[in-house]
Amino acid sequence: MGVASFAVRTVPHLFPTLDEAVFAAVVDESVQILEPPAPSGSRPGIRVTDLASIAELGAKGYFAREAKHRLVVVITDGESERVFPESVALAFRGPPRVRAIFVGVSEAGERIHLPEGGIDPSYQTDPTGVRLLDELAVATGGVAFSEHDRNGIVGRARADLGQGR
């Protein structure tokens with residue numbers, strides 16, 4: 001288990017480990033909204049997330065060379081700059097292959113709370129985010145789930161990892 005977050009780039013917080021206590025501590029302390037921060041030039045109404053950056057997890061040494069089972073669980077609203085799902089798929093094909101689970105976490109009517117207080121008046125939930133996650137899942141040979149399907153997410157992760165050896 002490892003932890004990384006992304007906006008315009010992927011930032012590893014913890015490279016894959018079997019230590020559950022370390023994993024839990026990193027998730028509790030490192031995974032936060034606006035981390036990594038949006039670029040300094042971003043402003044309300046402008047999309048800054050680049051889901052294409054997750055390709056780095058497959059192509060840039062995130063996993064140890066000897067890792068036989070590689071799984072990325074991407075938790076996102078799917079709102080992104082333009083992404084070419086095939087470019088992500090190419091990085092995940094390996095060898096060895098990186099399996100992918102995409103978890104959509106978006107509800108109609110959500111709002112963005114700005115760092116200085118207040119709400120971004122120009123933000124509207126983008127319903128195409130779910131479609132992008134479906135496209136990424138198809139391209140990578142992965143699967144997309146709603147955040148509400150915990151059993152499906154866990155079941156698929158267990159199936160993809162097997163015994164984890």
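Let me start with a contact. Arg 93 forms a salt bridge with Glu 86, and the closest N and O atoms are 2.4 Å apart. Keep in mind that this is a predicted model. How exposed are the two partners? Arg 93 is partly exposed, at a relative accessible area of 44%. Glu 86 is partly exposed too, at 43%.

How many salt bridges does the count give? Two. The other pair is Arg 156 with Asp 160, at 3.0 Å from N to O. Both residues sit in helix H5, which covers residues 150–161. They are four residues apart there, so about one helical turn separates them. Now look at burial. Arg 156 counts as partly exposed, at 25% relative accessibility. Asp 160 counts as buried, at 10%. The cut-off for buried is under 20%, so Asp 160 at 10% falls on the buried side, while Arg 156 at 25% does not. As a general point, side chains of opposite charge can pair when their charged atoms come close.

Next, confidence. The mean pLDDT of the protein is 82. Residues at 70 or more make up 87%. Where is confidence lowest, and where is it highest? Strand S1, residues 3–6, has the lowest mean, at 79. Strand S5, residues 143–146, has the highest, at 94.

On to the fold. The protein has five helices and five strands. In sequence order the pattern reads β-β-α-α-β-α-β-α-β-α. So much for the order; now the contacts. Take contacts between residues at least 6 apart in sequence: 71% of them join residues at least 24 apart.

What share of the residues counts as buried? The protein has 165 residues, and 32% of them count as buried. The exposed area of the protein is about 10200 Å². Carbon and sulfur atoms supply 54% of that area.

One last residue: Ala 24. Which element holds it? Ala 24 is in helix H1, residues 20–30. At 36% relative accessibility, Ala 24 counts as partly exposed. Now set Ala 24 against Met 1. The two are 23 residues apart along the chain. Their C-alpha atoms are separated by 9.8 Å.

To recap the salt bridges: Arg 93 pairs with Glu 86 at 2.4 Å, and Arg 156 pairs with Asp 160 at 3.0 Å. Among these four residues, Asp 160 is buried. That's it from me.

How values were computed
Residues numbered from 1 in each chain as written. Predicted model: local features only at pLDDT ≥ 70, side-chain atom pairs only at ≥ 80, totals over all residues. Heavy atoms only, no water. pLDDT = per-residue confidence, 0-100. Helix = DSSP H or I, 4+ residues; strand = E, 2+ residues; numbered from the N terminus. Salt bridge = Lys/Arg side-chain N within 4 Å of Asp/Glu carboxyl O. Buried < 20%, exposed > 50% of the residue type's maximum accessible area, 1.4 Å probe, protein only. Contact = heavy atoms within 4.5 Å. Areas by Shrake-Rupley, 256 points an atom, 1.4 Å probe, with all protein chains shown as cover.
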